[in-house]
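Grab your favourite viewer and a pencil. Below are a few short exercises, each with a solution worked through in steps.

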Amino acid sequence: MPGPVLHTGATVTCPHGAPLNVVAASPRVTVLGAPAAVLTDQGLVTGCPFTVGTKLQPCVSTKWLAGAARVTASGQPLLINPTGAVCLSADQIPAGPPIVSGSQTRVVAA
């Protein structure tokens, strides 16, 4: 499915509202001046308040599940919005998909 390309400046949160920062490993390709995000990039979450009972289970990272089918950067599929991903706790417990509320709108990848 085509969609806008995600980049390191996109506004993304975990399902609980904590900010998620995309860390681009290979910033050679840029979108709106920010490195484009690819399938192998890390998504790091900070400040997630999620708990299960009395145990803290904050989201700390994101596992990207799918990227663009036909567009790559440095040999890796670009991440697009909506993105196939899941936020994970430190124990690798899935907490739900990240929420992208702001990404570029000019470049669409398929």
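**Exercise 1: strand pairing**

β6 and β9 run antiparallel and are joined by two bridges. Before going on, a word on the ground rules: this is a predicted model, where local features need pLDDT of at least 70 and side-chain atom pairs count only at pLDDT 80 or more, while totals for chains, interfaces and linings use all residues. Residues are numbered from 1 along each chain as its sequence is written, and side-chain values use heavy atoms, with hydrogens and water left out.

Task: work out how β6 pairs with β3, and which way its side chains point.

Solution.
- Step 1: pin down the terms. Strands are DSSP runs of E with at least two residues, numbered from the N terminus, and two of them pair if DSSP finds at least two bridges between them.
- Step 2: look at β3. It pairs with β6 in the antiparallel sense over four bridges, and Leu20 stands opposite Val45 there.
- Step 3: turn to β9, where Ser61 is the bridge partner of Leu44.
- Step 4: check the faces of β6 (residues 42-45). Gly43 and Val45 point to one face and are buried (under 20% relative accessible area, 1.4 Å probe, protein chains only). Gln42 and Leu44 point to the other face and are not buried.

**Exercise 2: the nonpolar cores**

Task: find the largest nonpolar core and say which strands feed it.

Solution.
- Step 1: a nonpolar core is a set of buried Ala, Val, Leu, Ile, Met, Phe, Trp, Tyr and Cys residues joined through side-chain atoms within 4.5 Å.
- Step 2: the largest one has 16 residues, and Leu6, Cys14, Leu20, Val45, Cys48, Cys59 and Trp64 are those with the most contacts inside it.
- Step 3: β3 (19-23), β9 (59-66) and β12 each supply at least two residues of this core.
- Step 4: apart from it lies another core, of eight residues, including Ala36, Ala68, Leu78 and Ile80.

**Exercise 3: one salt bridge**

Task: which side chains meet in a salt bridge, and which parts does the pair tie together?

Solution.
- Step 1: the cut-off is a side-chain nitrogen of Lys or Arg within 4 Å of a carboxyl oxygen of Asp or Glu.
- Step 2: searching the whole structure turns up one such bridge, with Asp91 and Lys55 meeting at 3.2 Å, N to O.
- Step 3: Asp91 sits in the loop between β12 (84-89) and β13 (94-96) and Lys55 in strand β8 (residues 55-56), so the pair ties together parts that are 36 residues apart in sequence.
- Step 4: Asp91 is partly exposed (from 20% to 50%) at 46% relative accessible area, and Lys55 is partly exposed at 48%.

**Exercise 4: a buried acid**

Task: where is Asp41 found, and what does its side chain reach?

Solution.
- Step 1: Asp41 is in the loop between β5 (34-35) and β6.
- Step 2: Asp41 is buried yet has no salt bridge, and the nearest side chain of opposite charge (Lys and Arg positive, Asp and Glu negative; His and chain ends not counted) is Arg28, 13 Å away.
- Step 3: the Asp41 side chain reaches the backbone nitrogen of Ala25 at 3.0 Å.
- Step 4: leaving aside neighbours within four places in sequence, its contacts (heavy atoms within 4.5 Å) include Val22, Ser26, Ala36 and Trp64.

Definitions and conventions: Polar contact = N/O pair within 3.5 Å; in protein donor to acceptor, adjacent residues only side chain to side chain.
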